[in-house]
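Trainee: Please take one part of this model and walk me through it slowly, with the criterion behind each term, since I would like to know exactly what each statement rests on.

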Amino acid sequence: MANCNAVQKEIDKVLSKFAVMKEESAKEIDDVINSFAELKKKIENGGDLQEGEKLFLACNSITRNVLSRISNNHKDLHNQVSKVGKAIDRNFTSDFEAIITDPSFECRNDLLNKSIAEHLIREGRIDITDILARESGMLFTDENHELFLKLHCILEELKNHHLELAIEWAESCKNSFQNTNSHLEFTLHKLQFIKLVKKKQLTECLSYATKHLSKFAVEHTSEFQTLIGCLMYVNKGLENSPYSHLLDAQLWRDAEILLLKEACYLNGLSVESPLSVVINAGCRALPPLLDIKNIMHQRKCNDVWSNKDELPVEIELPNENRYHSIFACPILKQQTSEANPPLRLICGHVISRDALLKLATVNKVKCPYCPVEQQTSEAREICF
Ligand SMILES: [Zn+2]
């Protein structure tokens, strides 16, 4: 925050200087215009020629002086603007080379562009994806293109409280939903029912409940009872009833999220775009990594962080960004990786492959925690 404030201070200086300059320049330009208007009037009235010449020279001189002052002020303003750029350079790190230990994306602009395109398709920004395709000369053939296009149409309709497309889609996926305990179809019918209650159409409400909601009565007993109970207030209006919570706009937002989640789940996709997950995690990781790199540099111990698979400090990510457990070998105190996976010994204790190889004599290894001895080949790789 202190960094932002430092830049803001310079921006405020520019804006205040510009306001003063604008006011002064406008006044001086008005003075020049007035001088010329006076000269014009004198010429039109056919006054003394010598006096006219004197007045012309005076106007000329005023104009030159004003022009020069405005030009100098403009130069000053430019200096002030460049100070903003310097403040940004001083307060924000733009060189992240120091913490890049794995040049995975070096010369791989195609992969970066593909990730950006996939993200844009997920966001429904097909127009920008097309421009990116044209400018990068790449063809993005995302197999999920059609799915997200359709989903965005449905979500857009849902935002406007139009449920037809969403219900049609949910019904078309009914068979797939049966295995997932999905609440989507019930949620959408519930919202359509509440819409009818709001319109005070009791007969339509009853026939909609019979046709579309009754089949959920066993599975969603409590909610079903609430919906039927609210019918008592159709004429009085739900807003003045104990059922006013059914009018909460959050129910619609929850339905949008549920629909997106269900659609992604059915198609084996994550709800969050992988690119935005990576960027959010990166934004949290960068400041501590830059700090630790600076400390390593100051203490001349840059080689401490040489393991590409492991970060030098723990980065706290929110729960939604935790996808699997991490196992650290209790012997070598190192995080396990694909090259050095965790192995389960026959006694049930788990150590890393490197640790097992270090402890092994010939083809036998003794568990470091209980003295059970086994063949190294008996250790089984496990996945977290
Ligand atoms: Zn053991």
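Mentor: Domain bounds, as I use them here, come from an automatic or database domain assignment. What you are looking at is a predicted model, in which local features need pLDDT of at least 70 and side-chain atom pairs count only at pLDDT 80 or more, while totals for chains, interfaces and linings use all residues. Residues are numbered from 1 along each chain as its sequence is written.

For orientation, the assignment divides the chain into domain 1 (2-89), domain 2 (145-266) and domain 3 (324-384), and the C-alpha centres of domain 1 and domain 2 are 65 Å apart.

The part I would single out is residues 329-370, which an unreviewed UniProt entry annotates as a domain, "RING-Gid-type", and also lists as a zinc finger region, "RING-Gid-type"; such annotations, given in the numbering used here and with shortened feature names, may be inferred rather than shown by experiment. Between the end C-alpha atoms of this span the distance is 16 Å, and its content is 17% helix and 21% strand, where helices (H or I, at least four residues) and strands (E, at least two) are DSSP runs numbered from the N terminus.

Turning to the strands, β2, β1 and β5 form an open sheet in the order β2-β1-β5 with antiparallel pairing, and two strands pair if DSSP finds at least two bridges between them. The edges are β2 (350-352) and β5 (380-381), each of which pairs on one side only. Strand β1 (residues 342-344) is joined to β5 by two bridges, with the two running antiparallel, and within this pairing L343 stands opposite E381 of β5. As general background, strands of a sheet pair through backbone hydrogen bonds, either parallel or antiparallel.
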